[in-house]
Amino acid sequence: MTGQGPVRGVLTGVGVSPGVGLGPVHLLAHEIPEPPAGSRHGGDAAAERARALEALEHVAIDLEARGAKAGGEAQDVLEAQAMMARDPGLADGIGELVADGVAAERAVYESFGRFRELLAGAGGYLAARVADLDDIRDRTIALLSGLPMPGVPTDAAEPFVLIARDLAPADTAVLSRDVVAAFVTEEGGPTSHTAILARALGVPAVVACSGVTAVAAGTRVLVDGASGSVRLSPSEEEVAVARNAAAARAALLSAATGPGMTADGHLVPLLANIGGPGDLAAAVANGAEGVGLYRTEFLFLDRATPPSAQEQEDAYRTVLDAFPGGRVVVRTLDAGADKPLAFLPPPGEEPNAALGERGLRLFRVHPEVMDAQLGALARAAAGSRAKLQVMAPMVATRAEAEWFAEACRTAGLPEAGIMIEIPAAALRAADLAQVVDFFSIGTNDLAQYAFAADRQLGALAGLQDPWQPALLDLVHAAASAARAGGKTCGVCGEAAADPVLACVLVGLGVSSLSMGAPALPAVRATLARHSQEQCHLAAQAARGAATAEEARAAARAHLPGLADLSL
Ligand code: PEP
Ligand code: MG
């Protein structure tokens, strides 16, 4: 990956965070060479051990500092990584090896190796943390051996386009527009953790871009995070066209304010997806009318025990207080699969965690965790001026929905809903609407389960495309059943953040849209340019198409206001 790759042409991936970025390519070097086996230290074991542990502590402090700078969900992830770096088991392993004469670099490598095997073998939650562990190991070895730190340089002369096979949380957390003009990865899908964080940071991003890591370092590239194109060595004219379009679009976006509505005044509340109180400022700044998805698992992430009742209550109250008069939809813990929690592992071995005991299913096993969470929510809502709605993830059947709604009522929570993210729930939405107060469609998991395509696999990004007509059919089924049953039906999956698709979702009968805060202005401006009838026609046309690509084109033909916004 050093300067041999193509210098002209256009590569295409999946645009996951809109905006235009221009800059020289910086290839993310993750590979730190393995310290040679058999390398020995000079004899002072105590000094060598101290050298290794100081490096680990330095890495932990650096991760925490990156977290503090990033805030929000990223901070939680990085603090968890810092905790891993301070694991006493790792330190003990290093101490034993160094006592046997092994050099600090090699001792770190081997001690992490043992941990790595344990994690990888454990599957599920623990296996998913192997990348985080490798990142800590590489940073520590780089420090010990005086090699450049892997990851993103923070002192570059101009913003660069970061290209990588994939990005660790430590990398994405420092991606602000001051440092990074855009990022592009070979791997990752539109709903991967990386893509969600990129959108939260407002940095243009393209994932699943085949061949991009072969682009020569230093090549200037123009990244369009909406269309997914990566233009190598663009001409002055191409850059000017892209920049003008982006500037015009930014001006139009900032002009659209107020509640979400179509051109003919049909109200569509625009809400924010948050991971915790740290995301509230961006939500308010982007004009969110409330919270449509509070992913509470971030409060529980990487802890050996659940947060105390008081800690939960405080976090929920902070969120409610940010939207007096607005609505706040809190999702109960969605533990398991891509959101594993240390203290709530699946009860048995799970060869396929995405199809295992996750989400609401884990509450069946640990009802005390659900009751504690519902109790904290009820106490936080008492006296609040916001309207609290609580919903459960991963509901498949009416019996599950009924059980959850009953638990909410027992806890004194008046509004209980469910996420529609399993095809069975979408197909039988009429049944489910009888026992809950509202639906919120999670298009990320709904696509994963409808297409049997792991949402974390870049190679299957095409099947995760929320424009797939089959997915639109499922959304239509759920929204229609909700309407017939007199219930509301929002969308809180990443599909809602695509301004064109947002119009289609409204046309399918969806009543509110919730998304990462930076996506709100574009969705607001796009809705404001189209009537409900145009949205309806666009939705019909999209459902009548045979492929995702055709659905996009068919919908766009009914949405003439897109050109104004360079969409
Ligand atoms: C979804 O599945 O679409 C969703 C919103 O939930 P999450 O991405 O947290 O699984
Ligand atoms: Mg989900």
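In this predicted model, the magnesium ion (ligand 2) has two protein donors, E421 (OE) and D445 (OD), lying 2.0 to 2.2 Å from the ion. E421 sits in the loop between β13 and α16 (423-427), while D445 belongs to helix α18 (residues 443-450), so the pair ties together parts that are 24 residues apart in sequence. Two sheets also feature below: a closed barrel of eight strands and an open sheet of eight strands.

**Magnesium donors**

- Are the two donors buried or exposed? E421 counts as buried because its relative accessibility is 2%, against a limit of under 20%. D445 also has 2% relative accessibility and therefore counts as buried.
- E421 also faces ligand 1: a polar side-chain atom of E421 lies 3.0 Å from an oxygen atom of that ligand.

**Around ligand 1**

- How many residues surround ligand 1? There are 14, and the closest are R295, K339, G442, N444 and R455.
- R331 reaches the ligand with its side chain: an N or O atom there is 2.9 Å from an oxygen atom of ligand 1.
- T443 uses its backbone instead, with an N or O atom 3.1 Å from an oxygen atom of ligand 1.

**The closed barrel**

- The barrel runs β9-β10-β11-β12-β13-β14-β15-β16, and its pairing is parallel.
- Neighbouring strands in this sheet are turned by 25° against each other on average, direction ignored.
- Strand β10 (residues 290-295) pairs with strand β11 (residues 327-331) in the parallel sense, over four bridges.
- Which residue stands opposite R295 in β11? That residue is R331. R295 is listed among the closest residues to ligand 1, and the side chain of R331 has an N or O atom 2.9 Å from an oxygen atom of this ligand.

**Strand β14 and its two partners**

- Strand β14 covers residues 438-441. F438 and S440 point one way from the strand, and F439 and I441 point the other way.
- In a regular strand, side chains alternate between the two faces of the sheet.
- All four of these β14 residues are buried.
- On one pairing, strand β13 (residues 416-420) joins β14 in the parallel sense over four bridges. Here I418 has F439 of β14 as its bridge partner.
- On another, β14 joins strand β15 (residues 488-491), again in the parallel sense and over four bridges. F438 has T488 of β15 as its bridge partner.

**The open sheet**

- The strand order is β1-β8-β7-β3-β4-β5-β6-β2, and the pairing is mixed.
- Why is one side of β1 (9-12) and of β2 (14-17) left without a neighbour in the sheet? These strands stand at the edges and each has a single partner strand, so one side of each stays unpaired there.
- From one strand to the next, the twist averages 30°.
- Strand β3 (residues 20-27) and strand β7 (residues 220-224) pair in the antiparallel sense over five bridges. V20 stands opposite D224 in β7.
- Strands of a sheet pair through backbone hydrogen bonds, either parallel or antiparallel.

**Helix α6**

- Helix α6 (residues 130-145) has 16 residues. Its first and last C-alpha atoms are 22 Å apart, close to the 22 Å expected at 1.5 Å a residue.
- Most of α6 is covered, with 13 of its 16 residues buried.
- G146 comes just after α6 and takes a positive phi of about 70°.

Notes. Residues are numbered from 1 along each chain as its sequence is written. Chains are lettered from A and ligands numbered from 1 in the order in which they are written. This is a predicted model: local features need pLDDT of at least 70, side-chain atom pairs count only at pLDDT 80 or more; totals for chains, interfaces and linings use all residues. Side-chain values use heavy atoms; hydrogens and water are left out. Buried means under 20% relative accessible area, exposed over 50%, partly exposed in between (1.4 Å probe, protein chains only). Two strands pair if DSSP finds at least two bridges between them. Donors are N, O and S atoms within 2.8 Å of the metal (3.2 Å for Na, K and Ca); water is not among the atoms, so sites may look incomplete. Axes are lines fitted to C-alpha atoms, for helices over the stretch in contact, and angles run from 0 to 180 degrees between N-to-C directions. The expected span of a helix is 1.5 Å times one less than its number of residues. A residue is near a molecule or strand if one of its heavy atoms lies within 4 Å of it. A polar contact is a pair of N or O atoms within 3.5 Å; within protein, one must be able to donate a hydrogen and the other to accept it, and residues adjacent in sequence count only if both atoms are side-chain atoms.
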